[in-house]
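Colleague: Please pick one part of this model and take a close look at it with me. Start from there, and then show me how it ties in with the rest.

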Amino acid sequence: MSNEGYLSYARYGKDKVRVFRIVREGKWHHVVEYNVCALLEGAIETSYTQADNSVVVATDSIKNITYYLAKTSPHILHPERFAIHLGSFLVKKYPHIHKAFVSVEKLRWKRIEVDEKEHPHAFFRDGEDLRVTSVEIDGTQGKDKLVAKVTSGIKGLLVLKSTGSAFENFIRDEFTTLVEVNDRIFSTSIDLSYTFSPFPISITDGNSGEVSAVDDGKGTPWDGESVAELARKVTLEVFAKDESASVQATLYKMAQDIISAQPHVTDVQYALPNKHYVPVDMKYIGLENLKPDSAEVFVPLAAPSGLISARVLR
Ligand SMILES: O=c1[nH]c(=O)c2[nH]c(=O)[nH]c2[nH]1
């Protein structure tokens with residue numbers, strides 16, 4: 001065996017842990033469905049370099065801990081809090097584990113309305129977009145001084161507007177075939193992530209590793225639900241209202257609105273594929289379908305798409 005090369009990075013754990021939880025308040029039920037990924041870093045090098053499994057918490061055990069906390073954690077209904085709890089538990093429990101990285105994707109389950117009232121225990125999937133959070137629990141300053149670095153967001157929120165979007169004055173040269181338009185369809189599948197300032201947490205129960213927030217004020221990761229609601233609302237409203245000069249310009253406005261509304265958010269990133277809709281040329285049958293105000297029939301193009309992304313810092 002060659003001994004060239006060295007281990008510069010090692011992280012492992014369980015991915016795609018699917019978990020569904022019911023929280024019963026009498027007959028009023030709350031449900032959540034998550035895809036969880038929990039990864040560990042620490043003094044685990046020898047498991048790679050010397051086949052030493054004595055430092056390995058089996059990924060199967062990491063899965064079991066995820067289910068244990070899904071059953072026992074008071075934070076299960078809140079993705080950020082649950083991820084913080086799970087990450088802290090792992091870092092506290094194993095002395096040689098210094099960091100945990102927990103990601104949670106929350107699938108949508110919305111209450112069905114019956115007679116204009118929300119049903120107590122019947123739900124439907126009202127969208128394929130995911131509410132996501134990624135939490136790093138850093139125990140390197142001591143196991144009683146854990147810090148959470150939290151990034152949350154949205155994955156795959158599909159939107160479309162049928163006017164209120166233009167694209168003009170771009171570079172024209174020998175490679176340009178795109179015509180300038182002052183009215184077009186704008187459709188994208190929104191990926192958003194926003195990062196909170198680092199967040200100290202306290203462990204309130206040594207055994208279960210129960211966590212609470214040192215600062216549970218408005219806009220912190222502990223208040224993740226309201227930040228998520230606002231970020232989704234701002235994103236959709238700016239998308240709808242903006243007289244878009246380009247995907248780039250609309251993206252920047254969305255990001256700025258989130259930063260200005262959320263003092264604990266330091267960084268906002270969007271990735272916006274430009275899902276093109278191309279008007280069909282109907283001259284073959286003598287119909288005008290190309291001019292902006294007569295374009296009614298379009299071909300949705302699966303590929304290629306533009307891809308516009310940016311990160312905006314406070
Ligand atoms: O909003 C847009 N930004 C671009 O950079 C671009 N490029 C392109 O071909 N169409 C568009 N639309």
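Modeller: Start with helix H2, on the face turned away from its buried side: the exposed residues there are Asp60, Lys71 and Thr72. Keep in mind that this is a predicted model. Now turn the helix around. Ile62, Thr66 and Leu69 are the buried residues of H2. These three lie on the same side of H2, because they cover an arc of only 75° around the axis. What covers them? The cover over the buried residues of H2 includes strand S1 (12-25), strand S2 (28-42) and helix H3 (79-93).

The length of H2 can be checked too. H2 runs over residues 59-72, which makes 14 residues. At 1.5 Å a residue they should span 20 Å, and the end C-alpha atoms are indeed 20 Å apart, so the two values agree.

Go back to Asp60 on the exposed face of H2. An unreviewed UniProt entry lists Asp60 under "binding site", together with Phe167, Arg184, Val247, Gln248 and Asn274. These positions are spread over 215 residues of sequence. They are also spread in space, with up to 51.4 Å between C-alpha atoms. Which residues surround the ligand in this model? They are Phe167, Leu178, Ser246, Val247, Gln248, Asn274, Gly306 and Ile308. Compare the two lists. Phe167, Val247, Gln248 and Asn274 are in the UniProt record, and these four also belong to the ligand's surroundings.

What kinds of residue make up this shell? Four are nonpolar, four are polar and none is charged. Two elements each supply at least two residues of the shell: helix H5 (247-261) and strand S14 (306-313).

Take Phe167 next. Phe167 sits in the loop between strand S7 (147-161) and strand S8 (186-196). Is Phe167 buried or exposed? Phe167 counts as buried, because it has 21 C-beta neighbours inside 10 Å and the cut-off for buried is 20 or more. Leaving out residues up to four places away in sequence, Phe167 touches Glu180, Val181, Arg184 and Ser246. Ser246 is itself one of the residues around the ligand.

Arg184 is in the loop between S7 and S8 as well. Arg184 is buried too, with 21 other C-beta atoms within 10 Å. Apart from residues up to four places away in sequence, Arg184 touches Ser165, Ala166 and Phe167.

Now look at Asn274, from the other side of the comparison. Asn274 is in strand S11, which covers residues 265-274. The unreviewed UniProt entry gives "binding site" for Asn274. Asn274 counts as partly exposed, because it has 18 C-beta neighbours inside 10 Å. Setting aside neighbours within four places in sequence, Asn274 is in contact with Thr188, Val247, Ser305, Gly306 and Ile308. Val247, Gly306 and Ile308 also surround the ligand.

Thr266 is in S11 as well. Thr266 is partly exposed, with 14 other C-beta atoms within 10 Å. Not counting residues up to four places away in sequence, Thr266 touches Thr195, Ser197, Leu313 and Arg314.

One more helix makes a good match for H2. Helix H4 (residues 224-241) has 18 residues. From first C-alpha to last, H4 reaches 25 Å, close to the 26 Å expected at 1.5 Å a residue. The buried residues of H4 are Gly224, Val227, Ala228, Ala231, Val234, Thr235 and Phe239. They lie on the same side of H4, because their arc around the axis is only 135°. Facing away from that side are the exposed residues Ser226, Glu229, Glu237, Ala240 and Lys241. The buried residues of H4 pack against H3, strand S6 (130-138), S7, S8 and H5. H3 also helps cover the buried residues of H2.

Finally, step back to the whole chain. The protein chain has five helices and 14 strands. Its C-alpha trace spans about 75 × 65 × 35 Å along the principal axes. Of its 314 residues, 29% count as buried. Take the contacts between residues at least 6 apart in sequence: 64% of them join residues at least 24 apart.

How values were computed. Residues are numbered from 1 along each chain as its sequence is written. This is a predicted model: local features need pLDDT of at least 70, side-chain atom pairs count only at pLDDT 80 or more; totals for chains, interfaces and linings use all residues. A residue is near a molecule or strand if its C-beta atom, placed from the backbone, lies within 6 Å of it. Helices (H or I, at least four residues) and strands (E, at least two) are DSSP runs, numbered from the N terminus. Ala, Val, Leu, Ile, Met, Phe, Trp, Tyr, Cys and Pro count as nonpolar, Asp, Glu, Lys and Arg as charged, and the others, Gly among them, as polar. UniProt positions are given in the numbering used here, feature names are shortened, and annotations may be inferred rather than shown by experiment. A residue is buried if 20 or more other C-beta atoms lie within 10 Å of its own, exposed if 12 or fewer, and partly exposed in between; C-beta atoms are placed from the backbone. Two residues are in contact if their C-beta atoms, placed from the backbone, lie within 7 Å. The expected span of a helix is 1.5 Å times one less than its number of residues. The arc is that of the directions from the helix axis to the C-beta atoms.
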